[in-house]
Amino acid sequence: MMLLIETKILKGPHEDLESYLDAIAQLRKSIRYFSSNKTFKSSDGVLNHANGLLAKAQSKLEEEFKQLLASYSKAVEPDQLFDGLPNSLRPSSDQDGGGKTSHSHTDHHNNDSETASYTLPTLIPPRVLPLLHDLAQQMVQAGHQQQLLKIYKETRSTVLEESLRKLGVEKLSKEDVQRMQWEVLEAKIGNWIHFMRIAVKLLFAGERKVCDQIFGGFDSLSDQCFADVTANSVSMLLSFGDAIARSKRSPEKLFVLLDMYEIMRELHSEMEAIFKGKACVEIRDSAMGLTKRLAQTAQETFGDFEEAVEKDATKTAVLDGTVHPLTSYVINYVKFLFDYQSTLKQLFQEYGNGDDSNSQLASVTMRIMQALQNNLDGKSKQYRDPALTHLFLMNNIHYMVRSVRRSEAKDLLGDDWVQRHRRIVQQHANQYKRIAWTKILQCLSAQGLTSSGGGGSSVGGDGGNSSGASRGLIKERFKMFNMQFEELHQRQSQWTVPDTELRESLRLAVAEVLLPAYRSFAKRFGPLVESGKTSQKYIRYTAEDLERLLGEFFEGKTVTEPKR
C-alpha cells in the first residue's frame, strides 16, 4: 500500500490531480496512524520516510500550482476589453489603440455608463479554476500560505500590469505631467478616464472574481491576494490622477478636473465592493483621497477663474466697440459649466459650504458674471470717445444677457438678473445716443437763429416761420450739421453692433430723434438758402439720404466720405 502511494507521489500531480490528492490524503492517514502507534519497532523509520514523502508531495503541488497558474495567465488584449464594454463606450472604428471612446461628456449625465452591462473578460479558463482551487487548498492546509501568496502575486500582478500597458496606461510622474503641452495632457486625461473605467469594471472586477474562486473558503487570504495583485496597477492609475489634481491650476483644467471627479464618483461604489476587506483599506483610501483632491482642486480653480476674469489685463484692443474676446470666452466657459450641472451640484453637496447646491452654483455663476462686468467697466475706460465707451458696454452686456436667456443659466440666475441687465443695456444705449447725437441735434435747433432787428442779413418768411432769421447763421448751421454728420458717419460706420436686432433698434432710436428734427429744420429754414446757386453746398442731404446713411452705421466697415 505504502509503495503504491509513494509511486503516485513521486510521479507528480500533473496527469491526474484527483488521484494525487487521494494519495496525499492516504499518506496523511498513515502518518496519523504511526504517530499514535509508536509501539511498532519500525514506526520511527516509517514516520520519517512518510513525512519526507509528504514534503516532496507539497513541493510538487506548489510547483504544479505555479506552472498551472503561469501557463493560463495571459495579458488581455485591448480588443477583448473593448468587447466587454457597452456599445456607447466602445472606441469608434477610426481611432487607434489609445482607447479614447466615441461618447461625449453629456453621455455621463444620462448615466448610460453606470447602468449599461459590462462583460468580464476570461482571465483564466473556467475549467482550470477548480484545479487551482484544490491546489491552493492543499498549500494552505500544509501551512504554505506565504509561498502561495508570493506565487500568486508575482504571476497575476505581472499579467495585470501587462494588460494595462497594452491598453495604453503609462507610468507618469508629477514632473512628466508638468512638462507636457496642454493639448497632449488633455488627450491623456481623456484616455485615463476610459482606462479607469476599463480597469475597475473589467480587469479589477475580473481579477476579484478569479481570486474568490481560487481562494474560496479563505476570505482573508482572497482579500490579501487581490490587494497584492492589484496594488501596483491601482497606484499607477491613481498617481496620474493625483499628478493632475496637484499640478498648476488654470481655467481650462476645470472641465477635465470635473470629468475626472465624475469618473471617480461613478466608480466609487464598485471600488468599495471590489476592494473589500481589511487588506484593501489602503487602496480604498487612496481612491477616496483622489476624489476629494479633485473636488478641492476644481473648487479652487473656480475661485481662480473668478479672480482671473476680474483681473484680466489683456491689451486686446476692440477698436470698434464690439463684443470683447474675454466676454465670449467667459460666457462660453459658463455655458460649458452647465453641461456639468449635476456633477457640480454633487461636488458642492459633498465638499461645499453646506448651503443648497443649487444656490451655491447660482452664487458662483453670478460672481463670475459680476467679475466680467467689473473688468469690462475697466476696459471701457480705454476709449477716448465716451459714446464708444457706452456702445462697447451695451454690446458686451447685451451679449451676456442674450447668452444667458438662451441657456440653462437663465433658470439658475433667474428672471430678475435678466431684467436688471436688460435695463443696463438700455441705459448704455441711451447714454450712447445722448453723448453722440446731442451736439448735432443742437445744429437743428431754432434757438439763436432769430434776432429782434431786421436788416439786410435777415429775410422775412411766410407766416413768420423764419421771421428775423439770419441767412448767414442758417448757412452756418447747415454747414456744421453736414460736417458733424459726415464725421459721425465716417467714425461710427467703423463701429460695430454685432447683434442684428440691437443694431436695428439703435439705428431706429437715432432716426426717431434725428430725422423729424432735420425735416422740421429744413422745412422751416431751408427756403432761406435754397434760392442761391450754392444751395447744395449747405443742404447736402434729404431726410431719406440721412436714413440711408444711418443704415451704414455700426457695420464695422472702413468707409469713405458719404455721397448724396
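The legends below describe close-up views of a predicted model. Local features are given where pLDDT is at least 70, side-chain atom pairs count only at pLDDT 80 or more, and totals for chains, interfaces and linings use all residues. Residues are numbered from 1 along each chain as its sequence is written, and side-chain values use heavy atoms, with hydrogens and water left out.

**View 1. Salt bridge between R246 and D242 in helix α10.** The side chains of R246 and D242 form a salt bridge with an N to O distance of 2.8 Å; the term denotes a side-chain nitrogen of Lys or Arg within 4 Å of a carboxyl oxygen of Asp or Glu. Both residues belong to helix α10 (residues 219-246), where they are 4 residues apart, about one turn of the helix. Helices (H or I, at least four residues) and strands (E, at least two) are DSSP runs, numbered from the N terminus. R246 is partly exposed at 45% relative accessibility, whereas D242 is buried at 18%. Here buried means under 20% relative accessible area, exposed over 50%, and partly exposed in between (1.4 Å probe, protein chains only). A search of the whole structure finds 28 salt bridges.

**View 2. Salt bridge between R491 and D385.** The closest N and O atoms of R491 and D385 are 3.3 Å apart. R491 lies in helix α18 (residues 471-492) and D385 in the loop between α15 (357-380) and α16 (386-405), so the pair ties together parts that are 106 residues apart in sequence. R491 is partly exposed, with a relative accessibility of 32%.

**View 3. Surroundings of Y383 in the loop between α15 and α16.** Y383 is buried, at 15% relative accessibility. Its C-alpha atom is separated by 9.6 Å from that of A317, a residue 66 positions away along the chain.

**View 4. Salt bridge between K410 and D415.** The side chains of K410 and D415 meet with an N to O distance of 3.0 Å. K410 is partly exposed, its relative accessible area being 27%. D415 is also partly exposed, at 46% relative accessibility.

**View 5. Patch of positive charge on the surface.** The patch is formed by K335, R405, R406 and R422. Patches consist of residues with over 30% relative accessible area and no salt bridge; like charges are joined within 9 Å, and nonpolar side chains (Val, Leu, Ile, Met, Phe, Trp, Tyr) within 5 Å. Lys and Arg count as positive and Asp and Glu as negative, while His and the chain ends are not counted. K335 belongs to helix α13 (residues 325-337) and is partly exposed, with a relative accessible area of 35%.

**View 6. Salt-bridge network of R503, E504, R507 and E555, with the surroundings of L506 and F554.** R503, E504, R507 and E555 are linked in a network of salt bridges. L506 lies in helix α19 (residues 500-530) and is buried, with a relative accessible area of 4%. L506 and F553 are 47 residues apart in sequence, and their C-alpha atoms are 9.6 Å apart in space. F554 is located in the segment after α21 (543-550) and is buried at 1% relative accessibility. The phi angle of F554 is near 65°, a positive value in a residue other than glycine. Most residues other than glycine have a negative phi.

**View 7. Polar contact of S73 with the backbone of L69.** S73 is found in the loop between α3 (43-72) and α4 (78-83). The side chain of S73 reaches the backbone oxygen of L69 at 2.6 Å. A polar contact is a pair of N or O atoms within 3.5 Å; within protein, one must be able to donate a hydrogen and the other to accept it, and residues adjacent in sequence count only if both atoms are side-chain atoms. S73 is buried, with a relative accessible area of 7%.

**View 8. Spatial pairs involving K174 and L149.** K174 lies in helix α8 (residues 174-179) and is partly exposed at 34% relative accessibility. The C-alpha atoms of K174 and A243 are separated by 4.7 Å, although the two residues are 69 residues apart along the chain. L149 lies in helix α7 (residues 145-167) and is buried, with a relative accessible area of 10%. Between the C-alpha atoms of L149 and S222, which are 73 residues apart along the chain, the separation is 9.4 Å.

Note on methods: Areas by Shrake-Rupley, 256 points an atom, 1.4 Å probe, with all protein chains shown as cover. Charge placed at Lys NZ, Arg CZ, Asp CG, Glu CD.
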